[in-house]
Amino acid sequence: MSANPDFDRWYAAKSARFLLEPTHRLATFGNTLVNYHLISELADYPGKVRIREGRLEAHQPLVITPRVQDTEFEGFGDAAKEYFDFLKANEENLRILQYGYHLKSDNFSEQIVTDSLAAVSARVKESVLASGDAFAAVIQCVDEPWDVALVELWLREIRRSAKGNIAELQKSGKLF
């Protein structure tokens, strides 16, 4: 790790390689467990690879309706006031999806093996594919801060799932 934690986080996020992503999206009307397998080479120990396994629990997305009518609005120009008036008039059509998740530590494990990063990654990916787990992810990432890769996984799954979740909520009448 460097002396700059912001750089370390940025580097960890940008260098995460998603070798296998879940084939199913996050559930619209229930919780989803995403099983992750993070593989990282130990920086100071060539030929040593850490495998971390655990799960993210994605909570059912919540529909949030902003309360524009209750907002105080002063000191803005005419264009902003007109836009705010538009939002007030269309408040019933404003909806936001909120996704929550919980990193479950009760199923967390890690092990260090001696082999190349490529060989370990291939074995883990093959094993996960053979399991048929539709909610599994395999990610190569830095060893520290490794948990940034989990945040990246989470953001990717939200982006991938949002459109389908919104469509299902609209179809069920729970969005509007």
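Select Asn-165 and Thr-28 to begin, where the side chain of Asn-165 makes a polar contact with the side chain of Thr-28 at 2.6 Å; a polar contact here is a pair of N or O atoms within 3.5 Å, where within protein one must be able to donate a hydrogen and the other to accept it, and residues adjacent in sequence count only if both atoms are side-chain atoms. The model in your viewer is predicted, so local features need pLDDT of at least 70 and side-chain atom pairs count only at pLDDT 80 or more, while totals for chains, interfaces and linings use all residues. Residues are numbered from 1 along each chain as its sequence is written, and side-chain values use heavy atoms, with hydrogens and water left out.

Asn-165 is found in helix α4; helices (H or I, at least four residues) and strands (E, at least two) are DSSP runs, numbered from the N terminus. With a relative accessible area of 0%, Asn-165 is buried, a word that stands for under 20% relative accessible area, with exposed for over 50% and partly exposed for values in between (1.4 Å probe, protein chains only). If residues up to four places away in sequence are not counted, Asn-165 touches Arg-25, Leu-26, Ala-27, Thr-28, Pro-61, Leu-97 and Tyr-99, where contact means heavy atoms within 4.5 Å.

Stay with helix α4 and select Glu-168 together with Arg-25, which form a salt bridge whose closest N and O atoms are 2.7 Å apart. The pair links distant parts of the chain, since Glu-168 belongs to helix α4 and Arg-25 to the loop between β1 (17–20) and β2, 143 residues apart. A salt bridge is a side-chain nitrogen of Lys or Arg within 4 Å of a carboxyl oxygen of Asp or Glu, and by this rule the count comes to ten salt bridges. Glu-168 counts as partly exposed at 31% relative accessibility, and Arg-25 counts as partly exposed at 26%.

Next, select Arg-52, whose place is in strand β3 and which is buried, with a relative accessible area of 2%. Which side chain makes a polar contact with the side chain of Arg-52? The partner is Asp-143, at 3.1 Å. Add Glu-144 to the selection, and the side chains of Glu-144 and Arg-52 are seen to meet in a salt bridge (3.8 Å, N to O). Glu-144 lies in the loop between β7 and α4 and Arg-52 in strand β3, so the pair ties together parts that are 92 residues apart in sequence. Unlike the buried Arg-52, Glu-144 is partly exposed, with a relative accessible area of 42%. To view the wider arrangement, select Arg-50, Arg-52, Glu-110, Asp-143 and Glu-144, which are linked in a network of salt bridges.

One step along the chain, select Pro-145, which is found in the loop between β7 and α4. A cis peptide bond joins Glu-144 and Pro-145, with omega at about -5°.

Now turn to the nonpolar interior. A nonpolar core is a set of buried Ala, Val, Leu, Ile, Met, Phe, Trp, Tyr and Cys residues joined through side-chain atoms within 4.5 Å. Select Leu-26, Tyr-36, Leu-38, Ile-139, Leu-153 and Trp-154, which touch the most other members among the 21 residues in the largest nonpolar core. At least two residues of this core come from each of β2 (32–41), β3 (48–58), β7 (136–140) and α4 (147–172), and the largest share, six residues, comes from α4. A second, separate core of ten residues includes Leu-20, Val-120, Val-128 and Val-138.

For a look at the surface, select Phe-7, Trp-10 and Tyr-11, which form a nonpolar patch with about 350 Å² of accessible area together. Such patches are made of residues with over 30% relative accessible area and no salt bridge, with like charges joined within 9 Å and nonpolar side chains (Val, Leu, Ile, Met, Phe, Trp, Tyr) within 5 Å, and accessible areas come from the Shrake-Rupley method with a 1.4 Å probe, only the protein chains shown counting as cover for residues. Tyr-11 is found in helix α1 (residues 5–15) and counts as partly exposed at 44% relative accessibility.

As a last stop in helix α1, select Arg-9 and Asp-6, which form a salt bridge with the closest N and O atoms 2.3 Å apart. Being three residues apart in helix α1, Arg-9 and Asp-6 are separated by about one helical turn.
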